[in-house]
Amino acid sequence: MTAAIISGKQVSEEIRISIAQEVAELAKRGVKPGLAVILVGEDPGSQVYVRNKEKSCISLGFHSEVHKLDESTSQEELLALVAELNGRDDIDGILVQLPLPKHIEEKAVIDAISVEKDVDGFHPVNVGNLVIGADSLLPCTPAGVIELIKRTGTGMAGKHAVVIGRSNIVGKPVSLLLQRENATVTMCHSRTANMQEISRQADILVVAIGRANFIDASYVKPGAVVIDVGMNRLDNGKLAGDVDYESAKEVAGYITPVPGGVGPMTITMLMSNTLIAAKRRHGLE
């Protein structure tokens with residue numbers, strides 16, 4: 001039986017309707033969520049992401065600012081801009097688009113963003129709160145992954161979840177969020193022995209390794225929920241995930257496509273975080 005497709009595009013649109021309604025209610029109270037995005041340099045992928053974030057802000061009724069800085073911008077200049085945005089009352093969320101030029105230390109910049117305005121969920125305080133299960137702004141892609149699993153109607157409690165990839169941006173935080181949902185989590189990575197055998201035990205399989213079409217049907221337990229976080233550009237120009245979609249969909253119960261799966265959820269969860277930050281800063285939660 002072919003897997004049911006989990007449409008991140010559809011789920012994202014449903015969430016955005018709810019966000020737009022909340023933004024309209026806040027407007028009646030004189031509050032307009034504001035997001036500032038900082039882009040350093042001319043990375044083509046980053047430029048696309050930033051444009052999409054700006055469009056999303058405008059469509060939802062947010063205040064949007066994009067600060068485009070030259071590749072030669074110094075770390076001190078960037079930190080000064082972050083400090084200025086930290087102090088502005090009309091800005092609820094600050095996002096510095098990664099990667100940054102090599103002469104700028106990413107950690108120093110992330111650490112400089114106000115915890116309350118860290119809508120990427122990367123600040124050490126927010127990461128620490130995620131680890132201990134305390135309230136915090138959640139990293140956007142992992143939060144989107146959990147939302148997609150929930151929308152399948154799959155209860156995560158007691159299920160075996162396998163996460164392939166241990167990055168700070170996806171693998172580690174998504175494993176923590178799965179544990180919050182009372183799943184039993186196994187993490188696999190490049191040094192894992194018997195990865196295929198472990199993967200085939202997963203009721204929920206989340207793949208984020210950056211290797212196109214690496215996980216095929218032989219890694220998938222029949223009926224499993226498969227979430228593909230990968231986004232790889234093939235030689236023919238097409239996009240592919242980390243999961244061999246055509247193979248895996250014949251075994252899985254649910255599966256995300258690439259594109260149209262996890263991708264649309266990331267920016268939507270960013271919008272959700274900005275809304276949450278705005279409500280908290282104005283005491284409206």
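## Gly223 and its loop

Gly223 sits in the loop that joins S7 and S8. The model is predicted. With a relative accessibility of 46%, Gly223 counts as partly exposed, because the partly exposed class runs between the 20% and 50% cut-offs. Leaving out residues up to four places away in sequence, Gly223 touches Val251, Ala252 and Gly253. Asp111 is 112 residues away along the chain from Gly223, and their C-alpha atoms are separated by 42 Å.

## Phe214 in the S7–S8 loop

Phe214 lies in the loop between strand S7 (204–207) and strand S8 (225–228). Its relative accessible area is 28%, so Phe214 is partly exposed. Its contacts, not counting residues up to four places away in sequence, are Ile209, Tyr219 and Asp242. Asp244 is 30 residues from Phe214 along the chain, yet the two C-alpha atoms are separated by 6.4 Å.

## Largest pocket

The largest pocket has a volume of about 1500 Å³. Its lining counts 49 residues. Nearest the centre lie Tyr49, Thr141, Met231, Gly263 and Thr266. Two or more lining residues come from each of helix H1 (8–27), helix H2 (44–60), strand S4 (93–96), helix H6 (140–151), strand S9 (232–233) and helix H10 (262–281). H2 gives the largest share, eight residues.

By class, the lining of the largest pocket holds 25 nonpolar, 15 polar and nine charged residues. Domain 1 (30–114) and domain 2 (140–263) each contribute at least three residues to this lining.

## Second largest pocket

The second largest pocket holds about 410 Å³ of space. It is lined by 17 residues. Ile110, Phe122, Val127, Asn168 and Ile169 lie nearest its centre. Helix H4 (106–112), helix H5 (124–132) and helix H7 (171–180) each supply at least two lining residues.

The class split for this second lining is 11 nonpolar, two polar and four charged residues. Domain 1 (30–114) and domain 2 (140–263) both give residues to the lining, so the second largest pocket lies between them.

## Helix H7 and its packing

H7 is one of the helices that line the second largest pocket. Its buried residues are Gly171, Pro173, Val174, Ser175, Leu177 and Leu178. These buried residues pack against both helices and strands. The helices are H5 and H6. The strands are S5 (160–164), S6 (184–188) and S7. H5 also supplies residues to the second largest pocket, and H6 gives residues to the lining of the largest pocket.

Just after H7 comes Asn182, which takes a positive phi of about 70°.

## UniProt domain records

An unreviewed UniProt entry lists residues 6–120 as "domain: Tetrahydrofolate dehydrogenase/cyclohydrolase catalytic". In the model this span is 49% helix and 16% strand. The C-alpha atoms at its ends lie 24 Å apart.

UniProt, again in an unreviewed entry, places "domain: Tetrahydrofolate dehydrogenase/cyclohydrolase NAD(P)-binding" at residues 139–281. Residues 139–281 are 36% helix and 17% strand. The end C-alpha atoms of this span are 19 Å apart.

Conventions. Residues are numbered from 1 along each chain as its sequence is written. This is a predicted model: local features need pLDDT of at least 70, side-chain atom pairs count only at pLDDT 80 or more; totals for chains, interfaces and linings use all residues. Side-chain values use heavy atoms; hydrogens and water are left out. On a 1 Å grid over the protein atoms alone, a cavity is a set of points where a 1.4 Å probe fits but cannot get out, and a pocket is an open set with protein on both sides within 12 Å along at least five of seven lines; lining residues have an atom within 4 Å of a point. Grid points are joined across faces, edges and corners, and a volume is the space filled by probe spheres set on the points. Helices (H or I, at least four residues) and strands (E, at least two) are DSSP runs, numbered from the N terminus. Ala, Val, Leu, Ile, Met, Phe, Trp, Tyr, Cys and Pro count as nonpolar, Asp, Glu, Lys and Arg as charged, and the others, Gly among them, as polar. Domain bounds come from an automatic or database domain assignment. UniProt positions are given in the numbering used here, feature names are shortened, and annotations may be inferred rather than shown by experiment. Buried means under 20% relative accessible area, exposed over 50%, partly exposed in between (1.4 Å probe, protein chains only). Contact means heavy atoms within 4.5 Å.
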